[in-house]
Every structure is written in structure tokens, then in C-alpha cells.
Amino acid sequence: MLPESTLNQLKSALPDGQLPSSYGVYFKNTLVALCHALEDHILQSTPETPEQYPLVLVTFQRGKWYLQEADRYYDIAQCSRHIAIAAVADSGFESHKTGKLDQVSLVNLEEDDPLIHEWNLIILAPDYAAMLLCHELSPEEYRADTQPQVDTERKFYGLWTFDRTPVEKAAQILIEEMRPYNPELADKLTEIQSQIATMPSEGKTDLSSVVSRIVTYLQTSQQKLVTINRQTRELVDLEGQALRLNRNLAASKLQAFLRMAQRVDERDKDNPIASLQVSALAETLGQLIDLPTLKLRRLRLAGLLYRIGLAEAPSEVFRQTPKQLNDSSYAFWRDRSVLGAHLLSTMPELDAIKEIVKHQLENWDGSGKPNGLKGEEIMIEARILGLVAHFQELTQPRGDRLPLSLGEALEKCLDYRDTWFDPTLLDSLTTIIRLTEMGLMALPDRPSQLPAIWLEEATK
């Protein structure tokens, strides 16, 4: 990757010098899915005034790639305050109707401009920010046997994020990259960015639907790859390519699921780090009972995703206790395990994690949901997750209920010995809490760091 790339400039501009955790190597097919998901949010959001429309900055490498999306960008322009599109002016780049709109500016890149190696989408609105930043690998960065033979095999260093700070930094960098071509445009874009930054926000936009859309796009892209592979197998050996693409898509879909789970936590003002704490305590409990390494990894991931079924829940779910909720809102709380399993079912690699999430609300005596499993019919990871999730929830405030101390929360769980919870697991949780109260151990508040190959190992 070139030192002057937007990605490298962003890394230098960030206070901690760390790019968002989504940074990695992506195939083009994955990036198309991510771009479409982010663009769709512009099309589906309806700000009250044009001043609340987003500023959109895009680089398409070459005009031919822009033309594939030009009709789509005609519609996006109707919902945007201004769009600046940079690409090499070939293939009728300037003659399309989109480029003639007042709110669209085209920047014709020179052939030697480093930006022609980049594929970027930056969206800045008063209530949300999003971006995809990518830089294509050079021929030297591919192994000899992995040089792209078709367009979908092209690889990019890239990241995507909804974090406003890096998005604003990247917007400033990209505007300055456009300045040599059109100083007046750069001044106009800078002014719009400043105006957006000072506009009062109507509240934090819930982007869980965007993340859900990302998952859908990625799933569709994966299905298309399988079709392409079957149709062309006789002409080209695409087995290795399909495997690499599928792994890349799987990693991206999992990131989208984790981001969705994070959004659920962010919406829950009383319990904003529930997933981290549940994952961490579930892992600790699993270690205490000597759970095999593979099951520990699955349990740890299931803990991070256990509330993903609340992604579309109404806000009152996070402000009241289950007893206070109306029937429709309570349904989300009651059915979060089934809803979560349904979401995760779109990713076959997560079948084991899906089953843990699905059965977290089964009860030891068979009175639980969704299948009324009893005792050891319930997989051990689901039994652990159900117990830990209930315990953690009791230690946080909810509606008019005050948070309980660790000891008080444990006593509440012990009330359900042999009914809701596995008595052996309750004994192990009791050991952890007593050791914590004695100061002999600290209750973990986040799971242990996952190794680089954790996706493959956790989803085997």
C-alpha cells in the first residue's frame, strides 16, 4: 500500500494511530456489498430538511466502475446535500446524466494520481457518519499463484466504520486530495463538512438496520459466488478462489453481526456493555468447569451475540423490566433467542453459535423456550449462557429496579436451582462470586483476546 494512500494518512491523523478493527484485506465482491448497504441507508433515510442531507465523497478508480453505479447515484444525489465523485474520466464518465446534476461534482483524476488505486465511500450527516476506505493491492503484493484472473478476485486493503472521528478525518484528507483539481470545490466541501459538524443532532441514528442490510448483501454475494463457481468450473479452476472469497465474506458477515450486537448494547443505556460482560463471565465459568477449548471459543462468541435478537426491538425494551413491558414489546424480550438464531442462520459457518443463542432460554426443568428441552438435553454452552445472562442483567438497573450486588444477584439465581438453572453450574458460579467478594479474583468485564484464526476455529 502506498504511503500517501488515504488509509495511511488516516492512520497518521488518528490520535492513537490505530485504524478501526474492521481493517483487513477484502475481495471486490465483498466491497460492492458493503457499499450498497451504506448507500441504501441514504436512499431510505428521510431527513426533514435538505440541510440534514449527508455529504458524500466517492472515489471509483476509473470511469467504467462509476458508470456501473451512475444510475444508482442519480437517485442517491436526490437525497444528498452534495456528492463529489473522483475517477479517471474514461468510458463516458462525464456524459452521464448524474454528473450534470447541480449537487454532483466530478473530479477527473490523472493517470498517475495515487487515488486511482483507491475505492472510497464517505458519508457525513448530522446524525450519523459511515465510510468504506479501500486501497487495491499492487501486483507485487499478490503471491505468484494468486494473481487475480477475474474482476471478483481483486483484493483491497480496507475498513468500514460508523465511528464519527475517523470518518471526519478521512473526509478532510480526501477533500484535500481533490483540492489540486478544483480548489473551489474543495472549499465548498470543507464548508459543508463544517456546517454538518456544527448542526444540532436530533439524536443518535440507529444503524442496526444498516448492519442488517450489510449481512443480507453479503449473504446474497456469497450465493452469487457459488452460482458463478458452478457455471465456470469446467472452464477455470475456481475452487481455491471460491474458498478464499467465502472466507472473506464470512469474516465480513461476522463483523457485521458483532457490530449489530454492539448497537444493541449502545441502545441499552442501563446495560451498555452487557455482551462483553456476559461473554467474559461465561468464558470464566466455562474455564472453571474445564470446558474443551473449542466449546470455550464458541461460548465466548455466543456471549457477544446473545442479544442480537433485540436489534429491532422498540426502545421501551431497554427502559423497563420485562414485567412492565406491553405484550408486543415483551415479545422481543421473550423471543430474543429465536430472533437471534434466525439472524445467525444466514451464516452457515455460525451454526454451532446459532444453536447456543437459540437455546439460551431453555430451563433445566423443561419449562423454557423454544423447544422445552430439559436437563442435559440442553447443550452445556446454552445452559452457561442462560445463567450468566440472567445474573449479569440483575447486576444492572432496569426500569424502576435498582441494580443488585453480586451476592444479591447470585441469591436470586439460586432461587431457581433445579427449575431454571443447572445446579452444578450454579455451584460453579457461586465459587466465582465468593472468590470475587473475598478479593481473591476480579470478575472479568470483557472476554480474552481472540487469536488471529479465531473465526475458523470458533465456527468449526
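**Strands, turns and helix crossings**

Modeller: Strand β6 (residues 129-136) is mostly covered, with 8 of its 8 residues buried. The model is predicted, with local features needing pLDDT of at least 70 and side-chain atom pairs pLDDT 80 or more, while totals for chains, interfaces and linings use all residues. Residues are numbered from 1 along each chain as its sequence is written, and side-chain values use heavy atoms, leaving out hydrogens and water.

Biologist: What makes the residues of β6 count as buried?

Modeller: Buried means under 20% relative accessible area, exposed means over 50%, and partly exposed is in between (1.4 Å probe, protein chains only). Ala 129, Met 131, Leu 133 and His 135 point one way from β6, Ala 130, Leu 132, Cys 134 and Glu 136 point the other way, and all are buried. A strand here is a DSSP run of E with at least two residues, a helix is a run of H or I with at least four, and both are numbered from the N terminus.

Biologist: How do you know that strand β5 (residues 118-124) pairs with β6?

Modeller: Two strands pair if DSSP finds at least two bridges between them. There are 7 bridges between β5 and β6, so the two count as paired, and they run antiparallel. One pair of bridge partners is Trp 119 and Cys 134 of β6. The hairpin that joins β5 to β6 has 4 residues.

Biologist: Which way does strand β7 (residues 155-161) run against β6, and how many bridges join them?

Modeller: β6 and β7 run antiparallel, joined by 6 bridges. Met 131 has Thr 161 of β7 as its bridge partner.

Biologist: What is notable about the phi of Gln 61, and is the residue buried or exposed?

Modeller: Gln 61 is not a glycine, yet its phi is positive, at about 65°. Gln 61 belongs to strand β2 (residues 55-62). With 5% relative accessibility, Gln 61 falls below the cut-off and therefore counts as buried.

Biologist: Why does Asp 418 count as partly exposed?

Modeller: Its relative accessibility is 44%, so Asp 418 falls in the range between buried and exposed. Asp 418 also has a positive phi, about 70°, although it is not a glycine. Asp 418 lies in the loop between α14 (406-414) and α15.

Biologist: Why are helix α8 (residues 274-288) and helix α15 (residues 423-437) called roughly perpendicular?

Modeller: Their axes, which are lines fitted to C-alpha atoms over the stretch in contact, come within 10 Å and cross at roughly 110°. Angles run from 0 to 180 degrees between N-to-C directions; under 35 is roughly parallel, over 145 roughly antiparallel, 65 to 115 roughly perpendicular, and the rest oblique. The angle of α8 and α15 is in the perpendicular range, so the name follows. Among the residues making the contact are Leu 281 and Leu 285 of α8 and Leu 429 and Ile 432 of α15, where contact means heavy atoms within 4.5 Å.

Biologist: What makes helix α9 (residues 293-305) and α12 (351-358) oblique?

Modeller: Their axes come within 9 Å and cross at roughly 60°. That angle fits none of the named ranges, and α9 and α12 are therefore oblique. The contact includes Arg 298 and Leu 301 of α9 and Ile 353 and Val 357 of α12. By class there are 8 nonpolar, no polar and 1 charged residues. Ala, Val, Leu, Ile, Met, Phe, Trp, Tyr, Cys and Pro count as nonpolar, Asp, Glu, Lys and Arg as charged, and the others, Gly among them, as polar.
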